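User: I'm new to this structure and would like a close look at one part of it. Could you start there and then walk me onward?

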Amino acid sequence: MTSTSQPILLLGIGTAGTRMARGVSRAFGEGIRCILADTDASSALEGEDFTLLGGDRLSGRGSGGDLVAARLAAEESVAALDPKIEGVRLAVIVTALGGGTGGGATIEILKHLADLGITTLVFATTPFSFEGEDRQRNTRSAMSLIEQESNSVFFIPLDKLVCGEDVMEEAMKRAVDTLAGGVTLLWRLVQKPGYIRLDADRIRRLMVDSGRGRFAFVTVQGPDRAAEAVDSLMRSELLAVASSPVNSILCGVLAGEDLRLSELGRIADGVRDAFGDHVSFELATVNDEKTFCGRICVVVMLFETLVKSGKGPSSGPHRRGRASRDKSTTSPAVDRGRFWNTTPTIWHGENLDVPTFMRRSINLEF
Amino acid sequence: MSKIHAALEIGTTRTVLAVGETNNGGRLKITCHAEIPSAGIRKSQILDISQATQSIKSVLREIENRNDAAGSKITIANALLAVSGSHISASHAEGNAVVEKDKVGDDEINEAQRAARNIPLPKGRELLDIVDQDYEIDGLGGISSPKGISGTMLKLNTLLIHADSNRIQDAKTAAENAHLEISEPLFAATCAADAVLEEHEKRNGVLVLDIGGGSTGYAAYSDGCLADAGVIGVGGDHITNDIAYAFQTTNAQAEKLKKEEARAVLGQYSTENSRVRLTGSSTLMETRSISRRSLDTVVNARLKELFTVIRETLEEKDLLHRMHAGVVLTGGGAGMREIDALSRHELGFDARVGKPIHLDGLENVLDPWAAATISGALLYSHRTDEEKSVLSDLFGRFFK
C-alpha cells in the first residue's frame, strides 16, 4: 500500500504542528501519509507535501497570532486539501495552541474534514503557564471549538512534557519531540502491527461517544519492565486529570521479539484495573526487534465519555456528509464556568451552559 | 384587624421576602419588602443549604429591622414559597365522568374534578398547582361552564404543574433552619403572571416570561386559562457567565457590564461610545476597555437563543400562534435594555415589560418587574384568604 492510498492521514497544522508531524514522519520512515499546512510559507521544506493557507490574504507571512485571521485563511484554502485526502477515513492532526494558526486554522480544517465524513483525532499542545494572557486566551477560545468539531481530542499541556530545569530552547524541542514520539508509536501500532492488530476502523469505533481524551506513553527496559511500565503510566501527570469518566481505552504495546505473554497480560490487567473493568478496552501490539530491542513501549489513550442528551444531533445547519456526533453536548467543566457543578441544560443536543458565542463560533473584536 | 401575608423567593441572584396587608378597601398592599444577594444557589437549585439558610435569616432580620425602624414589631413565622428551576414541568391530565341524566350536573362536575386530581405523579415529584383548563362534552371542547349542557360523557382537561420533591424539600429545609415555616410552595412564573396580567390578556392569549438569574419560567395563557407552563434552565447568570468568558473578566465585573452597559440589540456605535471602560477590582489592576459592539453581541446571542428555545417549545405544542395579546417580560432579566424590542423581533408579537398591577406598595421600587413573582405569591395568599372569608361568611349566616 503506497502512502497516498492509506486510509490514515497525519496532518500537521501551524508552525509547531508541522514540526511535530515532520518529527513523526522521520521517526517512522517511509510509508506515512503526511500533509503539512501553515499560514507561514517558511514552514515548508523541499520535498514535503505542504499546503499554504491564506496565501492571498496573508501572503505566506503567518497569522501573527491572530485566531480570526488564521480561521479566515484556512476557510479560503481548505479546498486545496481535497485532492490530497482522497480515500482518507481517519485524520490524525497535530498542532499547538496559543498562536493563531494552530488554534484558528485547525477549527476550519476540522469542519471541512467532518463535511467529507472523515473521522478526526487531534493532538494539541497547550502553552506553558508562563506564556502570557494573550496565548492563554487564544487557547481557551480554540479548545472548546476544537472539541466540538473533532471526534476526539487530546489536549497536552506543555508544562507536563518538560522539566522546569530545562533550558528554554531545549524545553521546547523536548516537548515537541516527546509528543511526536507518542504519535509515532500510535502510527507504528497501525502501520506495522504485530500479533494483535489495530486499524483505522478500530480506532474510529473507540472514538464513538467520546469527547476529550488523555494520552501518555512510557518506554522502559529491564527484567520487571511490564510492572514498571504500568507503574510509570499510573504516575503520569498526563493521565491524571479527567473532565469526564473514561469510556474506552486503547493500549498499545510495542516491543521486540522478546515480548512475553505474561508481560502483555500484566500490562493489560494493570491498565484495565486502573480505569475500571466496565470500560471498553482494546489492545494492540507491535513486534519490531530492530526498533525496540530489549525495550518495551506502552502507549495508553483514554477516550472520555461524551454526555449525550438523547435528543439527537446539535441544532444548526446540516452539513453534507457529516457523521452524526452529539459533539456539542460535551463540555469540559471549564467552559461551563460558574455552572460547572450543576445539572447541565441540554437543548437539542447542545449544552446551553457553554457560552452561546462560543458554540455559535461568533467572532468578537477586542 | 388586617390580615398579614408573607412570601419568600429563594432565587439564584437574590433572596426576597415581602410582607403585605389587606387594607379596608380589600386591596393588598406590600408593607415591607427586603432582598439580599443569594449564596449557595445556582440555576435556581440550592447547592448549599447552610448558605441558603443564612440568606433567609438575613432577609428575615432585614424585614424585622425595617419594621422596628418604622415603629412596629413583626415576627414572621410562616410564608408562601415561590419556586423556580428546570426541575419544574407541566403535564396534561384529564378527568372523566359519565353523564347520568342527559344533562351535566354538579355530581358529574365534581366527579370529573376528583378524577383529574387523582392522577398519580411519577415517583419523586410533588404537585405545585393544578389548573382546570376547559371541559369537553362528547368531544366538544372549550366549555368553561358545563352545567346544564346535554351529553353523555364529561371530560375535564387540567394542567398539572409539578416539581422535584427533593428540590422543594431543600428549600423547605433551608427555611425551617431559619425558623420560617413554608405554608405552601407556588410556581414562580404563574405567580408573576397573576401579578402583571389583566384578565383580557389571558382571554386573548398571552405569554409571560419570568427571566430570573438562574432560569426562565414561562406561562402561556389562552382562552382565559393557563395552557402551558414550564422552566428553561437559562437565566441572567448565563449572560453574566458569557460576558466573563468573552472578555476574561471577574463575575462581578461581568455583572456590572450586564446591568450598566449592555443592550439586547445591536445598534449604531459612534467613535465616542464604541468602547466600554472596564475598571479593575483593585487600584493595582490595569484599567482596560472592551468593544461595546462585542459586549452587545455576546448578550444578543444569548438572549436570541433563549427566545428561540421558548419559541420552539411553544411551536411544538401548537401554542405560539395563540398569543394574540403578546409577550410580557418579568423578573430581574426583564430589566435588560431593549429586551422587549428583541423579544418582539424573535417571537413575532408585541412585547412589554410587566409590572405588578393588582396591589400597591411598589411605587418607590426602581425595578418593579423584578418583584412580580413575590407580588404574585402575596396576591395568591390574599385571594385565598378572601375566598375563605366569603365561605365562612356564607356558613356563618347559614348557621346563625
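How many of the six residues of strand 6 (residues 152-157) of chain A are buried?

Analyst: Happy to help! Please keep in mind that this is a predicted model. Five of the six residues of strand 6 of chain A are buried, so this strand is largely enclosed by the rest of the structure. Its partner is strand 5 (residues 119-126) of chain A, and the two pair in the parallel sense over six bridges. To find this pairing in the view, look for Phe123(A), which stands opposite Phe154(A) in strand 6 of chain A. Together with helix 5 of chain A, these two strands make a right-handed β-α-β unit.

Helix 5 (133-149) of chain A leads us to another buried spot. Along with strand 3 (50-52), helix 2 (55-58) and helix 4 (101-115) of chain A, it is among the elements that cover the buried residues of helix 3 of chain A. Helix 3 spans residues 67-77, and its buried residues include Leu67(A), Arg71(A) and Ser77(A).

Now let's step across to chain B, where five strands form an open sheet in the order 14-13-12-17-18, with mixed pairing. Strand 14 (225-232) and strand 18 (351-353) of chain B stand at the edges with a single partner strand each, so one side of each has no neighbour in the sheet. On average, neighbouring strands here are turned by 20° against each other, direction ignored. Strand 17 (residues 327-330) and strand 18 of chain B run parallel and are joined by three bridges; Val327(B), for instance, stands opposite Ala351(B) in strand 18.

Two helices of chain B pack on this sheet. Helix 8 (residues 292-316) touches strands 12, 13, 14 and 17, and its direction makes about 40° with that of strand 13. Helix 9 (residues 339-347) touches strands 12, 17 and 18, and its direction makes about 140° with that of strand 17.

Finally, two loop residues of chain B are worth a visit. Asp223(B) sits in the loop between strand 13 and strand 14, and has a positive phi of about 55° although it is not a glycine. Its relative accessibility is 64%, so Asp223(B) counts as exposed. Lys43(B), in the loop between strand 4 (41-42) and strand 5 (45-46) of chain B, also has a positive phi, near 50°. Lys43(B), however, has a relative accessible area of 2%, so it is buried.

Technical notes. Residues numbered from 1 in each chain as written. Chains lettered and ligands numbered in written order. Predicted model: local features only at pLDDT ≥ 70, side-chain atom pairs only at ≥ 80, totals over all residues. Heavy atoms only, no water. Pairing = 2+ DSSP bridges. Helix = DSSP H or I, 4+ residues; strand = E, 2+ residues; numbered from the N terminus. Axes fitted to C-alpha atoms, helices over the stretch in contact; angles between N-to-C directions. Contact = heavy atoms within 4.5 Å. Buried < 20%, exposed > 50% of the residue type's maximum accessible area, 1.4 Å probe, protein only. Right-handed = clockwise from strand over helix to strand, strands pointing away.
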